[in-house]
Amino acid sequence: MLSVAFGQAKYYTDNLRENILRGIRQKIRRGELSAKAPLGYFNEPRLRTIEPDKKTFNKVKEVLRAFATSEYTLTKIQSKMFSLGLVGARSGKKMPLSSVEHILKNPFYYGHFLYRGELHQGSHKPMITKKLFDQIQQALKDNGKPRKKRKEKKELLFLNFARCGECGYCITADRKIKKSGREYVYYFCTRKSKIQKCQQHRFLREENFSEQVKENCQKVSLPDVWRERYLNKLKIWENENRQTSDLFAQNLKKEISAIKTKLERLTDAYLAEVLELAEYQQTKNALMAEKKTKEEKLSDFERKGNHWLELTRNWILEANQAKNLALQDNFSEMKNYLKKIGSNRRLAAERLEIDFKKPFDLLAKLPAEARGEAPSEATNSIWWTVRGSNSRPPHCKCGALAN
Ligand SMILES: [Zn+2]
């Protein structure tokens, strides 16, 4: 009797576990996360779905957008969240930095979700685009690490602007007062790496730093003459491009369906036990992220069409504006501008190096003589080979700013 009873009990619990797991799997297939809703959402008890929380959804969105601008550190965004009323659930105080970071890294906000290390397509309403999410990840890399507060260092102009070109650690700054009473600001590597012994011992004077920031700004600026010429060219394209084909969209659709096929095959391979779980998950996550990027590109394109023309126009105006910042010696704006258009800003052997984003990198590569205001025959050809914008979709036949 007992063994029968126990046997049944075990059968019952086995069954229960199996049923729960099956339930979870089904939910995941429907794109529903079986867990506590992330901040900005709530678990709808009746439908058992995750829905936007009216009280917090827009606040979290504001926070994510703000962080994507790269103008916030983790501690700053933590304070912003607090001021918006986004506080720790139990403590009612500022949310711990680890939770803040977790929010910034959560793919749930762009419509996917992680379950046991695997990325799934969610059915919930996304808060942001994948593109913004990517920007947030970049901002996290650039200035995400919380730093100890040091009050007097606040006014140091280029603090948190660059990293050491050798060891990758932060560049810090210090004030020194010479015997003459003059005050100098120096920038140098913190040399905090325990693995790598950094050889960068030299100090860079702020004046020298400023000069290099200015030089870099000039490198990516567009002379007035060329602003006008490019804008005229743009007008011609605007006319030409009214009737562009939708080849670009078609290609994207093909690529997306190819990824879908790949995903199906991958799942087949996993089910046939050809692949290990870890291998399967890794490949799947990569494919899912790629699919999402392409889908966004497609819907962007379908919504905006010839948006690249507008982007090119903005680029022309912005690059021309950089010239004025340099003329005005507006160093804090120059700094922000370089932060926006350049990544991997690094300092080594007293030299500042920046990787400019496309298409600003093209300007940076131009020889110095081309940057004069008066166009000469020699520089003409150089400027016309600058390709105006990477945002130009490949279906467009005309080379961007090339003749
Ligand atoms: Zn270093």
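Two residues count as in contact here if their C-beta atoms, placed from the backbone, lie within 7 Å. Keep that cut-off in mind; the model is predicted.

**Stop 1: a helix pair.** Select helix 2 (residues 57–68) and helix 5 (residues 130–143). Show Leu64, Arg65, Phe67 and Ala68 on helix 2; they meet Leu132, Gln135, Ile136 and Ala139 on helix 5. Color this contact by class: six residues are nonpolar, one is polar and one is charged.

Now view the axes. They lie 8 Å apart, and the helices pack at an angle of about 55°. Helix 2 is therefore oblique to helix 5. The crossing of the two helices is left-handed.

**Stop 2: the largest nonpolar core.** This core holds 32 residues. Select Cys217 and Ala319, which touch the most other members. Next, bring up the elements that give two or more residues to the core:

- strands: strand 6 (171–177), strand 7 (183–189) and strand 10 (351–356)
- helices: helix 6 (206–219), helix 7 (224–240), helix 10 (307–327), helix 11 (331–341) and helix 12 (360–364)

Which element gives the largest share? Helix 10 does, with six residues.

**Stop 3: around Ala319.** Center on Ala319. Leaving aside residues up to four places away in sequence, Ala319 touches Val220, Ser221, Leu222, Phe360 and Leu363.

**Stop 4: a separate core.** Apart from the largest core lies another, of 23 residues. Select some of its members, including Leu64, Ile103, Met127 and Phe133. Leu64 brings you back to the first stop, where it is one of the helix 2 residues that meet helix 5.

Definitions and conventions:
Residues are numbered from 1 along each chain as its sequence is written. This is a predicted model: local features need pLDDT of at least 70, side-chain atom pairs count only at pLDDT 80 or more; totals for chains, interfaces and linings use all residues. A nonpolar core is a set of buried Ala, Val, Leu, Ile, Met, Phe, Trp, Tyr and Cys residues joined through C-beta atoms within 7 Å. A residue is buried if 20 or more other C-beta atoms lie within 10 Å of its own, exposed if 12 or fewer, and partly exposed in between; C-beta atoms are placed from the backbone. Helices (H or I, at least four residues) and strands (E, at least two) are DSSP runs, numbered from the N terminus. Axes are lines fitted to C-alpha atoms, for helices over the stretch in contact, and angles run from 0 to 180 degrees between N-to-C directions. Angles under 35 degrees count as roughly parallel, over 145 as roughly antiparallel, 65 to 115 as roughly perpendicular and the rest as oblique. A crossing is left-handed if the near helix is turned anticlockwise from the far one by less than a right angle, and right-handed if clockwise. Ala, Val, Leu, Ile, Met, Phe, Trp, Tyr, Cys and Pro count as nonpolar, Asp, Glu, Lys and Arg as charged, and the others, Gly among them, as polar.
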